[in-house]
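Biologist: Could you take me through one part of this protein slowly, starting from a single residue and working outwards to what surrounds it? I am a first-year student, and I would like to follow each step of the reasoning.

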Amino acid sequence: MDVLKERLENAERKINRLLKIENILEVAKEIRVAYRSIQPKLRSEFITYLERIVQQELDELTGYENTLWNVRIDEKYTPFIESNGQERDVSNLSGGERTFLAFAYRLGIGQLIMQSRFGQGLSMLILDEPTESLGSEDGSIERLAEAISRLKTVEQVIAVTHSEAFAERADHVIRLEKEDNVSKVFIER
């Protein structure tokens, strides 16, 4: 009799636990339905906020000289430039314009991630060959270096580059050279 009583109590505990789990699942289902109902609005607000941050970064990078550029980001997070009342797809931008927009977009995404995760913006930015698609003949390397030096939203920028024109704009230059399979480090300034 005691064994049956114990088994019955154990079964009742399992039933109570199952009922609690079913209640939790029902609440989770209601939360999911509620979230799905507001998800389009949240996404729209997020995209609007991303547009604002990317626009600020682009304005800062271009020195506010291209205020005719307005960034628009669609629901698939694809950036577009609106200028003179016309929307321009990224594929219709020049290489330099594309570089500036891509840089502003990445900075904007980085700022959003850092703000949402840590409550502060980017403190450091590491760039690997940022001038790769730019040419020195049109001055785009110098414009990018100038734009990066104007960034107020990032405390420290570290860039790895082969571009002498880009390196000339840096406050500090550390040069690496390889001689006889040995890397040598030179601190220039």
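**Around R189**

Modeller: R189 is placed in the segment after strand β7, which covers residues 182–187. Please keep in mind throughout that this is a predicted model. R189 counts as partly exposed because its relative accessibility is 41%, and the limits for that class are 20% and 50%. Setting aside residues up to four places away in sequence, R189 touches A167, E168, R169, A170, D171, H172 and V173. With one of these, V173, the separation can be given in two ways: R189 and V173 are 16 residues apart in sequence, while their C-alpha atoms are 5.5 Å apart in space.

Two of the residues that R189 touches, A170 and H172, lead us on to the largest pocket, which has a volume of about 940 Å³. This pocket is lined by 26 residues, and those closest to its centre are V157, I158, A159, A170 and H172. Which strand gives the largest share of this lining? It is β5, with 5 residues. At least two lining residues each come from α3 (140–150), β5 (156–160), α4 and β6. Sorted by class, the lining of the largest pocket holds 14 nonpolar, 6 polar and 6 charged residues.

Two of the elements that help to line the largest pocket, α4 and β6, are also joined by a salt bridge, formed by R175 and E164, whose closest N and O atoms are 2.9 Å apart. R175 belongs to strand β6 (residues 174–179) and E164 to helix α4 (residues 164–168), so that this pair, 11 residues apart, links distant parts of the chain. Both partners are partly exposed, since the relative accessible area is 21% for R175 and 43% for E164.

A second salt bridge can be followed from E179, which pairs with K184 at a distance of 3.3 Å between the closest N and O atoms. Here too the partners count as partly exposed, because E179 has a relative accessibility of 37% and K184 has a relative accessible area of 34%.

Let us now turn to helix α3, another contributor to the lining of the largest pocket. Its buried residues are S140, I141, L144, A145, A147 and I148. Why can they be said to line one face of the helix? Looking down the axis of α3, one finds these buried residues within an arc of 160 degrees, and therefore they lie along one face. The general background is that an α-helix has 3.6 residues a turn, so residues three or four places apart point the same way. The cover over the buried residues of α3 includes α1, α2, β4, β5 and α4.

One contact between α3 and its surroundings can be followed from T99, a residue of helix α2. T99 is buried, because its relative accessible area is 13% and the limit for buried is under 20%. Leaving out residues up to four places away in sequence, T99 touches P130, S133, L134 and L144, and L144 is one of the buried residues of α3.

P130, which T99 touches, also brings us to the second largest pocket, with a volume of about 300 Å³. Of its 16 lining residues, F103, R106, L127, E129 and P130 are the closest to the centre. Helix α2 (95–118) and strand β4 (124–128) each supply at least two residues of this lining, and the largest share, 5 residues, comes from α2. By class, the lining of the second largest pocket divides into 9 nonpolar, 3 polar and 4 charged residues.

Finally, the salt bridges can be set against the whole structure, in which a search finds 7 of them. Among the others is the one between E45 and K41, where the closest N and O atoms are 2.9 Å apart. These two residues stand 4 residues apart in helix α1 (residues 2–62), which means that about one helical turn separates them. E45 is classed as partly exposed because its relative accessibility is 41%, whereas K41, at 51%, counts as exposed. Elsewhere, R72, E82 and E87 are linked in a network of salt bridges.

Key
Residues numbered from 1 in each chain as written. Predicted model: local features only at pLDDT ≥ 70, side-chain atom pairs only at ≥ 80, totals over all residues. Heavy atoms only, no water. Salt bridge = Lys/Arg side-chain N within 4 Å of Asp/Glu carboxyl O. Buried < 20%, exposed > 50% of the residue type's maximum accessible area, 1.4 Å probe, protein only. 1 Å grid on protein atoms, 1.4 Å probe; cavity = no way out; pocket = protein on both sides within 12 Å on 5 of 7 lines; lining within 4 Å. Points joined across faces, edges and corners; volume = space filled by probe spheres on them. Nonpolar A, V, L, I, M, F, W, Y, C, P; charged D, E, K, R; others polar. Arc of directions from axis to C-beta. Contact = heavy atoms within 4.5 Å.
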